[in-house]
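Biologist: Can you pull up that model for me? I'd like to go through it with you.

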Amino acid sequence: MEAVEAGIISEESALLYCTKRGPVTRAIDNMKKARGESTTQLNGLRMKVPAVMGKSAAPPIPTSLKLK
């Protein structure tokens, strides 16, 4: 990871030749986060808003629990 941080090797090379991909991926993400870089290519994700604003999309919560 020191070599990636120093710019000696690329992130792709580090991932290609590492023995434990998970910790290396997390370390790269943490480095990017510290630099203020984006760690994902997913941008602009939003939750769906129900078409009818007056009604709830979820079913009503039952007032009592029925056990069988």
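Modeller: Here it is, and we can take the questions one at a time. Keep in mind that this is a predicted model.

Biologist: Okay, basics. How many helices and strands are there in the protein?

Modeller: Three helices and zero strands. Going along the sequence, you read the pattern α-α-α.

Biologist: And what share of the residues is buried?

Modeller: Buried residues account for 9% of the 68 in the protein. The accessible surface is about 6700 Å², and carbon and sulfur atoms own 58% of that.

Biologist: Which residues form the largest nonpolar core?

Modeller: Five of them: V4, A14, V24, I28 and M31. Helix 3, residues 21-35, supplies the largest share of this core, with three residues.

Biologist: Take V24. What is V24 in contact with, leaving aside neighbours within four places in sequence?

Modeller: M1, A14, L15 and C18. A14 is a fellow member of that core.

Biologist: Switching to K32. Where does K32 sit, and is K32 buried or exposed?

Modeller: K32 is in helix 3. K32 counts as buried because its relative accessibility is 18%, and the cut-off for buried is under 20%.

Biologist: Huh, a lysine. Which side chain does K32 have a polar contact with?

Modeller: That would be E11, with the two side chains joined at 3.3 Å. Leaving aside neighbours within four places in sequence, the contacts of K32 are E11, E37, S38 and T39.

Biologist: New topic: pockets. How much space lies in the largest pocket?

Modeller: About 160 Å³. Helix 2 (11-17) and helix 3 are the elements that give two or more residues to its lining.

Biologist: Which of the elements gives the most to the lining?

Modeller: Helix 3, with four residues.

Biologist: And which residues line the largest pocket?

Modeller: The lining is made up of E11, E12, L15, T25, I28, D29, K32, S38, T39, T40 and Q41. So you meet K32 and E11 again there, the pair with the 3.3 Å polar contact. I28 is in the lining too, as well as in the largest nonpolar core.

Biologist: What about E5, is that one buried or exposed?

Modeller: Exposed, because its relative accessible area is 55%, and the line for exposed is over 50%. E5 belongs to helix 1, residues 2-6.

Biologist: How far apart are E5 and K32?

Modeller: They are 27 residues apart in sequence, and 9.6 Å apart in space from C-alpha to C-alpha.

Biologist: Then what does E5 touch, not counting residues up to four places away in sequence?

Modeller: M31 and R35. M31 is one of the core residues we listed earlier.

Methods: Residues are numbered from 1 along each chain as its sequence is written. This is a predicted model: local features need pLDDT of at least 70, side-chain atom pairs count only at pLDDT 80 or more; totals for chains, interfaces and linings use all residues. Side-chain values use heavy atoms; hydrogens and water are left out. Buried means under 20% relative accessible area, exposed over 50%, partly exposed in between (1.4 Å probe, protein chains only). Accessible areas come from the Shrake-Rupley method with a 1.4 Å probe; for residues, only the protein chains shown count as cover. A nonpolar core is a set of buried Ala, Val, Leu, Ile, Met, Phe, Trp, Tyr and Cys residues joined through side-chain atoms within 4.5 Å. Contact means heavy atoms within 4.5 Å. A polar contact is a pair of N or O atoms within 3.5 Å; within protein, one must be able to donate a hydrogen and the other to accept it, and residues adjacent in sequence count only if both atoms are side-chain atoms. On a 1 Å grid over the protein atoms alone, a cavity is a set of points where a 1.4 Å probe fits but cannot get out, and a pocket is an open set with protein on both sides within 12 Å along at least five of seven lines; lining residues have an atom within 4 Å of a point. Grid points are joined across faces, edges and corners, and a volume is the space filled by probe spheres set on the points.
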